[in-house]
Amino acid sequence: DNKDAHRQTQTEKEKTKKRKQMSAQNSRIIDQDVDTESKLLTSGLGLKRALNDSARSVPVIDFSNLDSDVLDAKLYDAASNVGFFALVNAPFVNKDDIDRQFEFSEKFFARAKAVKEQESPYDAKLNSGYEYKLQVRPSTQLKDEKESFQVTAKESSMEMRWPKDMGPDFEANTREFMGKSLELAKMVIARLQRERRRRRRAQGGEDKEEEEEDIASKHSLWVENESQCTLRMIHYPPFDSVEEAEDQAKMGYMRAGAHTDWCNVTLLYQRTEFGNGGLECAANPRRDGFENTEWAQIDHTNPGAITVNIGDMLSRWTNGDLLSNLHRVRMPEGEEALKSRHSMAFFAQADESAVIRAYPGQESLTAKEYILGRIRSNYGGTTDKAVMAAAAAV
């Protein structure tokens with residue numbers, strides 16, 4: 001009995017040691033991804049003004065006049081060279097879908113703050129519900145000038161958070177819109193992966209395991225203990241005066257501070273009216289360095305266009321071939337300050353149990369571990385409860 005107990009104790013010690021080693025390895029992996037954001041403030045890049053340079057414009061890819069192979073190549077070139085691109089005439093999500101969801105989003109935010117908080121209470125552990133100016137970016141150390149309603153695709157996450165006063169159509173339309181968004185996101189991921197395989201095969205650099213992996217299939221909606229995809233409806237309130245916005249900008253505020261996304265891809269939907277501009281992007285400084293990286297303005301005036309950016313998760317999954325792109329929403333200038341800005345972002349995050357495959361010098365980790373690790377690295381949580389409490393800033 002004593003020998004059995006001793007063996008059991010040794011086994012538990014070995015397991016504990018292995019878990020600690022794996023945790024340390026995962027932390028090193030994740031630290032590489034958060035290092036960029038942590039340097040945005042100290043380097044000055046996070047607040048650097050964008051260039052008014054058409055040569056730095058974001059590629060626009062029209063699905064209506066390209067054959068499949070050409071489309072794959074254009075998507076991959078945009079994703080690997082810029083990290084941001086706009087889709088027009090894309091399948092699954094059309095202009096009417098976007099306009100309809102924006103109508104619901106604008107009605108949601110038009111209600112009183114107290115009503116929004118009562119009907120859709122924010123739960124940081126679930127990263128769902130309504131929040132008002134809670135997000136603090138590492139790149140500014142200041143609160144973003146926005147409010148949002150986050151729908152994480154788990155029934156338990158949204159329990160008692162669908163606003164009853166908005167009627168049943170709000171929930172039904174949002175679920176349908178998320179389903180269409182996921183189909184588009186999966187198509188983009190699949191095309192990017194297919195083109196990457198083709199190029200790696202041409203170079204003799206792809207192995208069998210990589211050839212068989214299907215990243216797009218690792219995303220779901222409304223599967224308990226798995227789904228991590230999120231739709232965020234966002235409202236940037238108007239300022240009381242142009243001078244107030246100018247003063248806030250001088251103090252370093254942004255409507256949304258510079259950051260990279262943690263998902264595989266983000267679909268960003270924008271309004272075209274005056275006052276809805278301000279989105280800007282920059283290449284990941286790991287490519288050109290902080291001093292040589294410049295910001296570019298992203299057009300918001302193309303009706304039905306869907307802006308796409310690569311996230312850190314897909315960058316990790318492709319061994320850095322697709323680098324996630326920095327982006328931010330600058331403070332409004334002039335009469336823009338007196339207007340509301342509305343946008344919506346769909347984050348395609350792999351299911352919790354999906355394993356992000358390791359490359360040489362890396363360790364495999366699950367998508368859930370990756371997301372929790374990013375929160376730990378950004379916010380210093382020491383337990384899962386503390387870590388998830390920081391999800392208000394995800």
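Here are some friendly notes on the nonpolar cores and salt bridges of this predicted model.

1. **The main core.** A good place to start is the largest nonpolar core, which has 61 residues. Those with the most contacts inside it are Phe-85, Leu-87, Phe-149, Leu-184, Leu-192, Tyr-269 and Phe-346. Helix α6, spanning residues 168-202, supplies the largest share of this core, with 10 residues.

2. **A second core.** Apart from that one lies another core, of 13 residues. Val-58, Phe-84, Ile-234 and Ala-345 are among them.

3. **A look around Phe-149.** If you would like one residue to centre your view on, try Phe-149, one of those with the most contacts inside the largest core. Setting aside neighbours within four places in sequence, Phe-149 touches the aromatic residues Phe-108, Phe-109, Tyr-130 and Phe-170, along with Ser-120, Gly-129, Met-158, Arg-161 and Pro-163. Leu-231, Arg-232 and Met-233 are also in contact with Phe-149.

4. **Salt bridges overall.** Side chains of opposite charge can pair when their charged atoms come close. Across the whole structure, a search finds 29 salt bridges. The next points pick out a few.

5. **Asp-99 with Arg-271.** These two side chains form a salt bridge, at 3.5 Å from N to O. The partners come from distant parts of the chain, 172 residues apart. Asp-99 belongs to helix α3 (residues 95-110), while Arg-271 sits in the loop between β7 (265-270) and β8 (279-282). Is Arg-271 buried or exposed? Its relative accessibility is 12%, so Arg-271 counts as buried, the cut-off being under 20%.

6. **Glu-117 with Lys-113.** Here the pairing stays within one helix: both residues lie in α4 (residues 113-119), 4 residues apart, or about one turn. The closest N and O atoms of this salt bridge are 2.9 Å apart. Glu-117 is partly exposed, with a relative accessible area of 37%, and Lys-113 is partly exposed too, at 36%.

7. **Glu-147 with Lys-116.** Helix α4 also contributes Lys-116, whose side chain meets that of Glu-147 in a salt bridge (3.0 Å, N to O). Glu-147 is in strand β4 (residues 147-152) and Lys-116 in the helix, so the pair ties together parts that are 31 residues apart in sequence. Both partners are buried.

8. **A shared network.** Finally, have a look at Asp-77, Glu-195, Arg-198 and Arg-199. Salt bridges with partners in common join these four residues into one network.

Note on methods. Residues are numbered from 1 along each chain as its sequence is written. This is a predicted model: local features need pLDDT of at least 70, side-chain atom pairs count only at pLDDT 80 or more; totals for chains, interfaces and linings use all residues. Side-chain values use heavy atoms; hydrogens and water are left out. A nonpolar core is a set of buried Ala, Val, Leu, Ile, Met, Phe, Trp, Tyr and Cys residues joined through side-chain atoms within 4.5 Å. Buried means under 20% relative accessible area, exposed over 50%, partly exposed in between (1.4 Å probe, protein chains only). Helices (H or I, at least four residues) and strands (E, at least two) are DSSP runs, numbered from the N terminus. Contact means heavy atoms within 4.5 Å.
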